[in-house]
Protein chains: 2
Amino acid sequence: MSSVEESDLLKITGKRIQQIRISKGYSQVDLAGKILGVFDTTNVSRIESGRTNPTLNTLHRIAEALEVSLSELLNIEECETDV
Amino acid sequence: MSSVEESDLLKITGKRIQQIRISKGYSQVDLAGKILGVFDTTNVSRIESGRTNPTLNTLHRIAEALEVSLSELLNIEECETDV
DNA sequence: TCCACACTTGACATATTTGACAAGTGAATG
DNA sequence: CATTCACTTGTCAAATATGTCAAGTGTGGA
């Protein structure tokens with residue numbers, strides 16, 4: 001019951017990334033620019049909207065750019081999705 | 001300086017998964033069996049040894065099987081890698 | 001020695017992420 | 001209007017994760 005479906009997981013994680021990004025005042029372009037190595041805005045968009053299933057390395061790069069730990073980035077409430 | 005190279009990240013995460021797995025008294029076969037859906041021992045081995053860059057969904061499935069949160073699973077010390 | 005168990009490693013097919021680019025939407029502004 | 005900005009969406013190629021099978025290593029027990 002507490003198990004999260006894949007698509008939900010991706011959407012929830014995407015929203016969390018977006019929340020943190022916005023709270024820091026970054027645009028998607030800003031974020032992509034801060035990410036180590038090459039990172040396209042396209043991917044930011046796809047990940048934030050949960051249309052892609054990012055790899056550990058990608059999540060790590062995003063976490064660094066957002067100046068949070070991986071652990072924080074994925075600190076998802078597994079509780080209710082309602083309301 | 002604090003930025004972790006990809007291969008290090010994968011190895012560290014793999015070791016962490018292995019630690020938790022062993023602390024729960026599971027073999028790789030046990031773990032693979034507990035993971036939601038299909039999961040081969042091969043993958044457990046590859047992930048634990050850092051030879052593969054797992055996706056968010058895969059990490060989530062492993063976390064569930066290990067009965068820890070994603071956040072706990074990835075609670076990696078970003079401190080020194082030395083010594 | 002033989003066998004079982006736990007794990008590693010290689011090869012392969014399939015699916016998907018990532019990276020690159022182009023185009024489209026909507027909002028705000030001059 | 002036209003332009004700019006932020007973001008979405010489509011397509012494509014390349015790299016790679018996953019799933020599956022087979023074989024190899026090392027350990028321990030009968």
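**Contacts and calls in a protein–DNA model**

Mentor: A backbone N or O atom of A:Thr55 sits 3.0 Å from a phosphate oxygen of DNA strand C. This is a predicted model: local features need pLDDT of at least 70, side-chain atom pairs count only at pLDDT 80 or more, and totals for chains, interfaces and linings use all residues. Residues are numbered from 1 along each chain as its sequence is written, chains are lettered from A and ligands numbered from 1 in the order in which they are written, and side-chain values use heavy atoms, with hydrogens and water left out.

Trainee: What makes the A:Thr55 pair a polar contact?

Mentor: A polar contact is a pair of N or O atoms within 3.5 Å; within protein, one must be able to donate a hydrogen and the other to accept it, and residues adjacent in sequence count only if both atoms are side-chain atoms. The A:Thr55 pair, at 3.0 Å, therefore qualifies.

Trainee: Which phosphate oxygen distance does A:Arg61 show?

Mentor: A polar side-chain atom of A:Arg61 lies 2.6 Å from a phosphate oxygen of DNA strand C. For A:Arg46, a side-chain N or O atom is 3.1 Å from a base nitrogen of that strand.

Trainee: What share of the strand C atoms within 4 Å of the protein belongs to sugar or phosphate?

Mentor: It is 69%, and the rest belong to bases.

Trainee: Which residues come nearest to strand C?

Mentor: A:Val38, A:Thr58, A:Arg61, B:Gln28 and B:Ser45, of the 19 around it. A residue is near a strand if one of its heavy atoms lies within 4 Å of it.

Trainee: Why is B:Glu67 called partly exposed?

Mentor: Its relative accessible area is 49%. Buried means under 20%, exposed over 50%, partly exposed in between (1.4 Å probe, protein chains only). So 49% falls in between, and B:Glu67 is partly exposed.

Trainee: What is notable about phi of B:Glu67?

Mentor: Phi of B:Glu67 is near 60°, a positive value in a residue other than glycine. Most residues other than glycine have a negative phi. Phi of A:Glu67 is also near 60°.

Trainee: How many salt bridges are counted between chain B and chain A?

Mentor: The count is 0. A salt bridge needs a side-chain nitrogen of Lys or Arg within 4 Å of a carboxyl oxygen of Asp or Glu. Residue pairs in polar contact number 9 between the chains (both at pLDDT 80 or more).

Trainee: How many residues are in contact there?

Mentor: 22 of chain B with 22 of chain A. Contact means heavy atoms within 4.5 Å.
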